[in-house]
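User: Hi! Could you walk me through this one before I head back to the bench?
Analyst: Happy to, here it is.

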Amino acid sequence: MSGSMFRLAPPLFILVFGIIFLTWSYSYDESAQQVPVLVGWSLVVLCVLDVIASSGTKIGDGVKAFFTGTIVGEGSFDLSSQPLPKVLVAMAWPIAFVTCVYFFGFVLVIPFYVFLFVTLQGKKPVKTGAIAAVIATAFTWIVFELLMNYDVYQGIIFAE
């Protein structure tokens, strides 16, 4: 795979996924689609920026510099040094999350996902993963269920 295609493949793939997610979100009734549509549009906008930043053009380099900045002492980043398995693993995490949410719902998936991501991908201690999972789940439940009175998606398996 050439360098430019390798560079553009992940953001383009996620952009297509975001467009599908957004389209799917509009199939819900007006009340239920509010949060998924917000997430979908946010994902599409961020993916478009990522595609531009990954394009290797002057504009893309400007967008990348604006959002990432430069860390003092940072070496030059060579995209070809990123092995394909690492790129695929990075893409698998959000795909697995959305797939699991589709079947099991947010409240059940969030604690497992956060715990696994923090401990496996982030290589943090189990205690840190557990605390992060509890905080993320509590935040989601409190904000959406209690404060916004929004029925959080329960997944197709547990749908009422």
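Analyst: One cut-off to start with: a residue counts as exposed when its relative accessible area is over 50%, and as buried when it is under 20%. Also, please keep in mind that this is a predicted model.

User: Thanks! So is Phe67 buried or exposed?
Analyst: Phe67 is exposed, because its relative accessibility is 53% and exposed means over 50%. Phe67 sits in helix 3, residues 58-68.

User: How far is Phe67 from Ala53 in space?
Analyst: Their C-alpha atoms are 9.0 Å apart, with the two positions 14 residues apart in sequence.

User: Let's zoom out. How many helices and strands does the protein have?
Analyst: There are 7 helices and 0 strands. Read from the N terminus, the order of elements is α-α-α-α-α-α-α.

User: And what share of the residues is buried?
Analyst: Of the 160 residues, 26% count as buried. As for contacts between residues at least 6 apart in sequence, 58% of them join residues at least 24 apart.

User: Which residues make up the largest nonpolar core?
Analyst: That core has 8 residues: Leu8, Ile14, Leu15, Leu22, Val37, Val44, Cys47 and Val51. Helix 1 and helix 2 each give at least two residues to this core.

User: What does Leu15 touch, leaving out residues up to four places away in sequence?
Analyst: Leu15 touches Val44, Cys47, Val48 and Val51. There is also a second, separate core of 7 residues, including Phe97, Val101, Ile110 and Ala133.

User: Any background on cores like that?
Analyst: In soluble globular proteins, nonpolar side chains tend to be buried together.

User: Switching to aromatics: how many aromatic pairs are there?
Analyst: The count is 12 aromatic pairs. One of them joins Phe97 and Tyr113 in a tilted arrangement, with 4.8 Å from centre to centre and 55° between the planes.

User: Why does that pair tie together parts that are apart in sequence?
Analyst: Phe97 belongs to helix 4 (residues 84-104) and Tyr113 to helix 5 (residues 106-121), so the pair links parts that are 16 residues apart in sequence.

User: Which residues do ring pairs link into a cluster?
Analyst: The cluster contains Phe21, Trp24, Tyr28, Tyr102, Phe103, Phe104, Tyr153 and Phe158.

User: While we're on helix 4, where does Pro94 come in?
Analyst: Pro94 is in helix 4 and is partly exposed, with a relative accessible area of 33%. The C-alpha atoms of Pro94 and Tyr113 are 9.6 Å apart, and the two residues are 19 apart along the chain.

User: OK, pockets. What volume does the second largest pocket have?
Analyst: Its volume is about 940 Å³. The lining has 32 residues, and the closest to the centre are Val35, Pro36, Val101, Phe106 and Tyr153.

User: Which elements give two or more residues to that lining?
Analyst: Those are helix 1 (3-25), helix 2 (34-53), helix 4, helix 5 and helix 6 (126-147). Helix 4 gives the largest share, 5 residues.

User: And how does the lining split by class?
Analyst: The lining of the second largest pocket has 24 nonpolar, 5 polar and 3 charged residues.

User: Last one: is Thr137 buried or exposed?
Analyst: Thr137 is buried, since its relative accessible area is 17% and buried means under 20%. Thr137 lies in helix 6. Apart from neighbours within four places in sequence, Thr137 is in contact with Val107, Ile110 and Pro111.

Note on methods:
Residues numbered from 1 in each chain as written. Predicted model: local features only at pLDDT ≥ 70, side-chain atom pairs only at ≥ 80, totals over all residues. Heavy atoms only, no water. Phe/Tyr/Trp six-rings, centres within 6.5 Å; stacked < 30°, edge-to-face > 60°. Helix = DSSP H or I, 4+ residues; strand = E, 2+ residues; numbered from the N terminus. 1 Å grid on protein atoms, 1.4 Å probe; cavity = no way out; pocket = protein on both sides within 12 Å on 5 of 7 lines; lining within 4 Å. Points joined across faces, edges and corners; volume = space filled by probe spheres on them. Nonpolar A, V, L, I, M, F, W, Y, C, P; charged D, E, K, R; others polar. Buried < 20%, exposed > 50% of the residue type's maximum accessible area, 1.4 Å probe, protein only. Core = buried A, V, L, I, M, F, W, Y, C linked by side-chain atoms within 4.5 Å. Contact = heavy atoms within 4.5 Å.
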